[in-house]
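Thanks for sending this one over. Please have a look at the structure below, and then we can go through my notes together.

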Amino acid sequence: MRKDDPEGTFKEPVHESRPQLGMDPIRFEVMRSAFQSAAEEMAIALRRAAYSTNIKTRADFSCALYDDHLRVVAQAFSQPIHLASMVRMIPAAVREYGPQNLQPGDGLAMNDPHLGAMHLNDVGIIVPLFHKEQCVGYAANVAHHVDIGGLAPGGLCISKDIYQEGVIIPPTKILRDGQIIENVFQLIAANVRSPKQMGGDFRAQVASAMLGGKRVTGLYDRFGNDDIQKFNNELMEYTRRWTKSAISKLPRGEYRAECELDDDGVTDRPIQLAVKISILDDEVHFDLTGSDPQRSSPLNANLTYAYSALSYVVRCMIDPDIPINDGFYSQVHVSAPEGTVVNAKHPAGVMGGNDIAMRLCDLGFKALSPALPEKVPACSKSVICNMGCGGEDPHTGEYYTFMETLAGGYGARFSKDGTDAVQAHIQNTENSAIEETENNYPLRITRYELVPDSEGAGRYRGGLGLRRDWQFPGHQATLTVFSGHRKKGPWGLFGGQPGRPSSYTLNPDSEARDLPSKITLDLAPDDVVSYQTPGGGGYGSPLERDPQNVLEDVLDGKISSQRAREIYGVVVNMASQSVDLDATRQCRLGG
Amino acid sequence: MSNTPVGAKRPFRLGIDTGGTFTDLVMMDEASGEVTLVKIASTPQDPSLASLQVLHRCLQEQQAAADDCIHLVHGTTVATNTVIEGKGAKTALLITEGFRDVLEIGRQIRPRLYDVFCDKPLPLIPRRRCFEIPERLDSQGEVLKSLDEEQVGNVAQLLQDQDIESIVVCLLHAYANPAHERRVARLVAQHLPDVPITLSSDLCSEMREYYRCSTAVVNALLVPVVGRYVGRLEESLQAANVPDVLHLMTSSGGIISSTIARERPVHLVESGPAAGVISAAHLGGLAGYTQVISFDMGGTTAKLGLVENETPRIAQHFEVGRQASIADQASGYPVRTPVVDLVEIGAGGGSIAWVDDGGALRVGPRSAGAAPGPACYGNGQLAPTVTDANLVLGRINPDNFLGGEKHLEAGLAAEAVQTLADEFDMSLLEAAHGIIEIANTNMTEAARSVSVQRGFDPREFTLVAFGGAGPLHAAAIARELQIPRILITPHPGVASALGLLVGDIKHDFVQSCLRPTQEIDTGEVETILEQFQQAGAALLASEHVAETEREYLPLVDMRFQGQSHELTIPMPTCDRQNRESWISHLHATFCQEHQRVYGFSDQREQSEMVNVRLTAVGHIRRPSPPALIDTGPDAFKAVTTRRDVYFTETGGAIECRIFDRELLSAGNRISGPAIIEEYDATTVIPPDFRALVDPKGNLLLEPSMNVTR
């Protein structure tokens, strides 16, 4: 233990000398990039050929290749929430079905959260790969389908158990001889509100998985089974070594934090989350003991969700180039008592598992803030901000479903403001274009803008939230608000203030009825629903903020001059568009 | 040329390509088709200076008269650099009320997933200069809320007080009905008659507000900057007695007059990379190869593109000003204009080899560039690069780099590579070979993505390799993808500039027109195309393109109903009067393309039309160098020396013949292993390849078995 480090926080790096690969480094790198490019090719094919905006624009999917031991060899995805979807869900599905029951040309579908999947909307397709009549691995993808049945359109609902959330697909054979088994697909499609889109997305998923299969078979022809086996093992070891060495540079110790979510959607009772992070020599343990028992509500996560979120926190603290496979996951451990909101058991609803996972990210950062103050952000919007709706299109008479996830403020950081209106952490979904939405759905968007003064004030301020208003001309739609952070805004760090809480309003320009953050509504024609998403938390005291930065925000209309004076102690002279330095000094001294 | 009588007219064409390091000039004699090249250092503080310098040097060397220049095409990085460096004009945005922040919110995503400090790019126009205009159209272009003209006047007055240099108007659904945007422009112009105005509907009449707005904003930022630049260049050219014939190359590899370039500078942002692919398409075509994968490898990156039927593949959008790493999606600003479809990766001569923390050997994307450059440049950069590895393997001649103008330190290269060899307990040659093999793998994957990933079989293509480093690495890529043939252009280092002389004049038009295929009103399509054609004809006429040289190519963006991503296909050529058959033809063509690109399609599914496009082309006379005289297969006279070169195939270093490309003549055959050196490039012929000099002076490399067949 070092003298200047009585708590033993600082560690010597685990590896004294450079780690060595156990195989020819050139061949290793050639094979690694070949597998990675195969996974990326699957992702491109899926994204471009899919039907729904959800997959295409919002890129809510993940593709991966596995070896015959069901270890991830390569993965391509844009949403970190999928970090663990592939590593837990796909192997669980194959083991449950039995690998011995799979023939060339077969394929499985699966979405059962209580067998390791995420929420029901995320449907996985798995294709076994054969080389010389031997199963050598799997190609798989998971994509978020816009509707999966259940209580309300878009798969968003205030459910009390999993049965209310939609159609549950245990590992089921969906492909035979490379073709979709029509009656199995029909059984699923008959349970969803947008069977046509689902059909298109399904076909794109199948095409992508088969493409991955084709590419990998080509790689087996090229490199040979023995070399690929050697490579797979070496890849895991290589990743493990790199992960260990990266973790060894983090300050050792135990870090804790707690927080509350507004409510569970069914009752008003807040949900308590707790985390204890133990950074050891070369691994990280998360213990979620102290988090609430599971609820009879949609606000539960299974361990897959919790694992994705906390793996994300680790990845943000270490070299982002480290590959994602079992070598990485073997150094990250998450434990939580069974039957809690972070390790929910059958038949708990998990629709809102994403929101729990999102908050776990921010909670992880909060816990680490005393140890890594220069690396972690204050709390970001920290809710998915879902809007789902459906109804009969007055022009076509067909039933439509639509869903959207909104951005909010990002948490402020040690040396930087939080970004305005951006997705955070495990979520990185693009917005859908207003013009395209209005062309494809009987919706009208009447506002899309930043919410001034919604930032968490600080030396560095949090990002602004955004506002989006939807109108439903000429028809009766059903809409679900599924969000949070309405009661308390995202927290600040080190004296930074919380961001402004979110708000949801029915007909903001007339009756202006305040809505809870989780509700399904039957709307009257021409009703408007308005979302204002939370701002990000601030970092450091607002009185230490550079007055010039406050001025810029005032000139951009992001912060009012009144707020500049009251919260930041900065007096802006609007006529000369400058900071009144004397008045500011006075103001800041006077408090 | 020296025997031309003094004072006689000797018309010629010029291409001047300004890059970050060099400014290249290509001159083509109109009568003989003979091509001359000049290369000088760029002048980044004012890029037009180097353009003038290179022009004067060429005129002097060739004893040519400036007023004999009948056509001048310029490729410039001014537009790109202006966006990247944030030096665009002070611009204001006028946008539909309620949507002030469309630009700033953007796509609401982060460029890097695990970097909590990496943010989406700052908006190109700060919020204080985004103004709301009360008005609203619906998706069919019907007026939901009429335009508040008084408010437009108020905004215009505000702008007057702010020294605004450029204005952009982007109103919701303006692609469906541009009336409000046009009215706003007229009203604003009354107050600010001298400020250029970009209308989103005019520039990019496509739905998806952020992308259209971003395109228009990039244009507006550039109008004053590019205007000044082109103005300066024109003045200097005029002073130098060059006639008024200046054109610029666009991102899609077409050329436009300087007048149009000043109005629509957004079309210039990717002009540099485009020229290379155009050149590859042309040189491949001249040699009789119409299906080409173009491979341009320089000091920092490698760019791969695909040419089908002598026509480069075109994409309809890209991102300008991406941050450091090429892989970071959404770190730049989207631009919806046609652009040559390229895959660019961080693999060039300067790419640095390194060991990651897991112990694997990696190459790039970090590059030593041209300065400080590879270790062998002797500028104190000590990490091993691809060029250093090539030098260690004996593939590059240290005394003949850039014709001997730059001496390379073989000892420094070996030292750099040795550090890596020590880490892996390998020999020096093994380590150098490893660096090359990993760089080749990265480029092979990029070549795969422009071909296989887009539904093309590389075995049906010819690899056209150029750029300073392309000919060093082409054989490895061809071998891996089973590309049967490689064409190495003459003067590979400046082949890109040649593209300037072979690009056609092109104008692209687009109109969103979302209709289920079954419900398409062919009359409506006809009307749109007629309008486009008229506008195209007017532009081509203003550029003095004869009617016989004009061509109009109608295209259409299609998708299956429910999809949100389109494929661009040529419009069926059969008669639109026969609606039924035209529509079924359209649907079938689309299904076929979907099958080709994505590997599935269902004829029974409903499709829909999203955009109608038209490209108006003015054909340009292209240089066709005279065929060389065949002197037979014996290339012995071109052998300058022999040296040891390392190949894996031979299990070590083997003595190779070294040829001087200048001394080779048509019909010469060389079997590998061999090295061919010239002023600005080195071609490697591995043991399993053979080369032939074709009548146009190209080197054709083929696997040995093919050549003997």
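Here are a few numbered points on the nonpolar cores and on one sheet of this predicted model.

1. Let me begin with the largest nonpolar core, which counts 387 residues. The members that touch the most others in this core are A:Leu46, A:Ala306, B:Leu93, B:Val217 and B:Leu463. Helix H7 of chain B (residues 209-239) gives this core its largest share, 16 residues.

2. B:Val217 is a good residue to click on. Beyond its neighbours within four places in sequence, B:Val217 is in contact with B:Thr91, B:Leu93, B:Leu103, B:Leu124, B:Ile125 and B:Val168.

3. Do also look for another core, of eleven residues, that lies apart from the largest one. Its members include A:Leu551, A:Ala564, A:Ile567 and A:Val572.

4. Now to the sheet in chain A. Four strands form an open sheet in the order E8-E9-E10-E11, and the pairing is mixed. Strands E8 (253-261) and E11 (332-335) of chain A each have a single partner strand, so each edge strand has one side without a neighbour in the sheet. On average, and ignoring direction, neighbouring strands here are turned by 15° against each other.

5. How many bridges join E8(A) and E9(A)? There are nine, and E8(A) pairs with strand E9 (residues 271-279) of chain A in the antiparallel sense. Within E9(A), A:Ser278 is the residue opposite A:Glu254.

6. Finally, helix H7 of chain A (residues 303-317) packs on this sheet, where it touches strands E10 (284-287) and E11 of chain A. The direction of this helix makes about 140° with that of E11(A).

Conventions. Residues are numbered from 1 along each chain as its sequence is written. Chains are lettered from A and ligands numbered from 1 in the order in which they are written. This is a predicted model: local features need pLDDT of at least 70, side-chain atom pairs count only at pLDDT 80 or more; totals for chains, interfaces and linings use all residues. A nonpolar core is a set of buried Ala, Val, Leu, Ile, Met, Phe, Trp, Tyr and Cys residues joined through C-beta atoms within 7 Å. A residue is buried if 20 or more other C-beta atoms lie within 10 Å of its own, exposed if 12 or fewer, and partly exposed in between; C-beta atoms are placed from the backbone. Helices (H or I, at least four residues) and strands (E, at least two) are DSSP runs, numbered from the N terminus. Two residues are in contact if their C-beta atoms, placed from the backbone, lie within 7 Å. Two strands pair if DSSP finds at least two bridges between them. Axes are lines fitted to C-alpha atoms, for helices over the stretch in contact, and angles run from 0 to 180 degrees between N-to-C directions.
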